[in-house]
Amino acid sequence: MTTTIVTVGGRMAAEGLAMLEIAGIECISTEAYPTKSEVMALIERHQPAALVVRLVELVDRDMLAASSKLKIVAKHGVGTNDIDVAAAKAMNIPVIMATGANAHSVAEHALGLILALTKDFLRQDGHIRNGRWDKKLYAGRELRGQKLGLVGFGLIGQILARMVTPIGMQVSAYDPFAPDAAFAGGVVRAPSLDVLLAESDVVSLHCPLTEGTRGLIGAREIALMKPTAFLINTARGEVVDEPALIAALQAGRIAGAGLDSFAEEPPVASPLWQLSNVLLTPHVAGVTEDARRAVSIMTAENVLAFLRGEPLAQNLYARV
């Protein structure tokens, strides 16, 4: 009997699909952001052994229960906030991730946002498009000698630290779960989040979304930042109290923000759209073609290994 995998939220890259098909797996996909009824109908019809989760609001308990053959749920990426992991655990269905596959792309994106903000690219582009050529309006500064504070120091944060060190930035990181061995190459372990926020010229978020990090950066935390500082978020939108950030940006309490993720996605109209000190991208930091290929290959490898009964790395499993 043929084993089936359903990808929820768009097809995997061709390289990952080819690996599955060569192994005799039938691969079926929805479009991006399908409705719950569409997903339920597909799962009930095909009874997949595995779900691969891409672009969807939530894979909930009903979807997990719709296939009596379901053995594994694989996130096409690393964030599992679009999967009811607690329900999966209660049903003895493991949830795995493609840990590290898109880390370099996310780190590069964060660096791009940092450069664009510190070099004042957004405002300068706007001035020229509006017919203004006035060098006195330029507010750029060098990254050399600036302090970068990383909130979360996993693989993405470590890659970003290695990228900015040759530029001359001083890097510190706050992550109570990171081992001491991670703090090599001159990165300083911040004694607390408050100290990191107060001392940094750029704060970049790289922590997962958990109950402990939801709303981690709120009005109190933003008030600790320098008025000249920038906030970068390529993690999850819910890590930041968005209304508090908007109020701070409107009042000029911080210099600006570079945001790739939002509390609601796709987001509705927001005051952020009207702010000239904010650079926005639509949660694309980890979805370059290179990253999509790498994530698809790792996801296919992980699913195949699991279905064959082969052991996987412990850090690939999502936890509640």
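User: Is T118 buried or exposed?
Analyst: This is a predicted model, where local features need pLDDT of at least 70, side-chain atom pairs count only at pLDDT 80 or more, and totals for chains, interfaces and linings use all residues. Numbering runs from 1 along each chain as its sequence is written, and side-chain values use heavy atoms, with hydrogens and water left out. Buried means under 20% relative accessible area, exposed over 50%, and partly exposed in between (1.4 Å probe, protein chains only). T118 has a relative accessible area of 2%, so it's buried.

User: Which residue offers its backbone oxygen to a polar atom of the T118 side chain?
Analyst: T118 sits in helix α5 (helices are DSSP runs of H or I, at least four residues; strands are E, at least two; both are numbered from the N terminus). A polar atom of its side chain lies 3.3 Å from the backbone oxygen of L115.

User: Which residues does T118 touch, leaving out those up to four places away in sequence?
Analyst: Contact here means heavy atoms within 4.5 Å. On that basis, T118 touches A139, G140, R141, L143, V202 and F230.

User: What is the relative accessibility of D120?
Analyst: D120 is in the loop between α5 and α6. Its phi is positive, about 65°, although D120 isn't a glycine. D120 counts as buried because its relative accessibility is 8%.

User: What relative accessible area does Y33 have?
Analyst: Y33 is in the loop between β2 (25-29) and α2 (36-46). Phi of Y33 is positive too, near 50°, in a residue other than glycine. Y33 is partly exposed, with a relative accessible area of 41%.

Conventions: Polar contact = N/O pair within 3.5 Å; in protein donor to acceptor, adjacent residues only side chain to side chain.
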